[in-house]
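Grab a pencil and have the model open in your viewer. Try each exercise yourself before you read its solution.

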Amino acid sequence: MNARSILNADLHCHSVVSDGTLTPEMLAERAQRGGVELWSLTDHDEVGGQHRAAAAARVQGMAYLTGTEISVTFAGETVHIVGLGFDADDTALRQGLAATRGGRAERALEMAHGLAQVGISGAYEGALKFVGNPDLISRTHFARFLVETGVCKDTNEVFRKYLTQGKPGFVPHRWATLKNAIDWITCAGGVAVIAHPARYKFTPNEEYALFTEFKTHGGRAVEVVTGSHSVQESIKYAEMAKEFSLAASRGSDFHSPDESHTDLGTLPYLPGDLTAVWELLEDRIQ
Ligand code: AMP
Ligand code: MN
Ligand code: MN
Ligand code: MN
């Protein structure tokens, strides 16, 4: 496969293995319908869906790269690092991800406690009903419970009122370090990518530090075109990619037909003057 000829790559989405609502097989079918040529399933802190996703991509006649999205704490914020094209059976990567997942259950109980204090009871049990993988209870599952019970009209409202910094259901979590996440991905043969950089509430200095440290530790790409970037933000991060000599990635971050605004395969293509991350991963494409 000639990676340079690929335009419609979608290298970021979630299945029921983390906080998406579709199975890997349903996502593969949807990606194929969206015209995706090269696909990756990037569940949060988990590679348990990778063999299913690769097989489903084969059934659909799509090329595939392994993927995950690792939660990292950097400068007091949660940053997401996508890994692409690694060996999904790598022991150190699997152990690192298992450790990252470990604190989620305790955090979820604390979140439920915070919500109970503002009169929302039973949130832990309620969120659990939406969980496909008990190791991966996330804020998204609490959001679905609060929508189901009519407390909020959609998940965005739940995050705004209950699940972000300073709100009653918000509990900060200590995730992996930036260096750990990049090492796990790189040592397993993959490429580390800064996910949706415009989403972080960093000062310009903190953002510069993130990109600089990311490069120092061996990170090689940044998401330029993603479901959570405006056109202006894509232009900004295309410039940052050039400034830091990073390759560029493209991915919808699709979670659910009911919740996600950007469907698989529908984003604009990467600007032509950037190196696409899949050009670095030609020999890892399945
Ligand atoms: P967690 O890993 O438990 O902290 O949950 C983070 C997840 O919440 C992200 O991966 C998104 O899927 C989801 N999320 C974050 N912010 C929002 C938002 N404003 N609206 C809807 N979903 C969000
Ligand atoms: Mn998510
Ligand atoms: Mn993310
Ligand atoms: Mn994501």
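Below are exercises on the sheets, the metal sites and the cysteines, each with a worked solution.

This is a predicted model, in which local features need pLDDT of at least 70, side-chain atom pairs count only at pLDDT 80 or more, and totals for chains, interfaces and linings use all residues. Residues are numbered from 1 along each chain as its sequence is written, chains are lettered from A and ligands numbered from 1 in the order in which they are written, and side-chain values use heavy atoms, with hydrogens and water left out.

**Exercise 1. The five-stranded sheet**

Work out the order of the five strands in the open sheet, and find which strands stand at the edges.

Step 1: Get the elements straight. Strands (E, at least two residues) and helices (H or I, at least four) are DSSP runs, numbered from the N terminus. Two strands pair if DSSP finds at least two bridges between them.

Step 2: Read off the order. The sheet runs β4-β5-β6-β7-β8, with mixed pairing. β4 (67-74) and β8 each have a single partner strand, so one side of each is left without a neighbour in the sheet. Neighbouring strands here are turned by 40 degrees against each other on average, direction ignored; the axes are lines fitted to C-alpha atoms, for helices over the stretch in contact, and angles run from 0 to 180 degrees between N-to-C directions.

Step 3: Look at the β8 end. Strand β7 (residues 221-226) and β8 run parallel and are joined by five bridges. Glu-223 sits opposite Ser-249 in β8. Together with helix α10 (residues 231-243), β7 and β8 make a right-handed β-α-β unit: with the strands pointing away from the viewer, the path from the first strand over the helix to the second runs clockwise.

**Exercise 2. An edge strand under cover**

Is strand β8 mostly covered or uncovered, and which of its residues point which way?

Step 1: Set the cut-offs. Buried means under 20% relative accessible area, exposed over 50%, and partly exposed in between (1.4 Å probe, protein chains only).

Step 2: Go through the strand. β8 covers residues 247-251, and five of its five residues are buried.

Step 3: Split the residues by direction. Ala-247, Ser-249 and Gly-251 point one way, while Ala-248 and Arg-250 point the other way. That's the textbook pattern: in a regular strand the side chains alternate between the two faces of the sheet.

**Exercise 3. The three-stranded sheet**

Find the order of the strands in the open sheet of three.

Step 1: The order is β1-β2-β3, and the pairing is parallel. β1 (9-10) and β3 (63-64) are the edge strands, each pairing on one side only.

Step 2: Check one pairing. β2 and β3 are joined by two bridges, and Trp-39 stands opposite Tyr-64 in β3.

**Exercise 4. Three manganese ions**

List the donors of each manganese ion, ligands 2, 3 and 4.

Step 1: Fix the rule. Donors are N, O and S atoms within 2.8 Å of the metal (3.2 Å for Na, K and Ca); water is not among the atoms, so sites may look incomplete.

Step 2: Take ligand 2. Asp-19 (OD), His-44 (NE2) and His-255 (NE2) coordinate this manganese ion at 2.2 Å. His-44, in the loop between β2 (38-39) and α2 (50-60), and His-255, in the loop between β8 and α11 (277-280), are 211 residues apart. Both histidines are buried.

Step 3: Take ligand 3. Its protein donors are Glu-69 (OE), His-80 (ND1) and His-196 (NE2), lying 2.1 to 2.2 Å from the ion. The donor spacing in sequence is E-x10-H-x115-H. His-80 is buried at a relative accessible area of 14%, and His-196 is buried at 1%.

Step 4: Take ligand 4. His-12 (NE2), His-14 (NE2), Glu-69 (OE) and Asp-253 (OD) coordinate this one at 2.1 to 2.2 Å. Glu-69 in strand β4 and Asp-253 in the loop between β8 and α11 are 184 residues apart, and both are buried.

Step 5: Add the spacings. Ligands 2 and 3 are 5.7 Å apart, and 4.6 Å separate ligand 4 from ligand 2.

**Exercise 5. The cysteines**

How many disulfides does the model hold?

Step 1: Apply the cut-off, a pair of cysteine sulfur atoms within 2.5 Å. The count comes to zero.

Step 2: Check two cysteines for burial. Cys-13 is buried, with a relative accessible area of 0%, and Cys-152 is buried at 5%.
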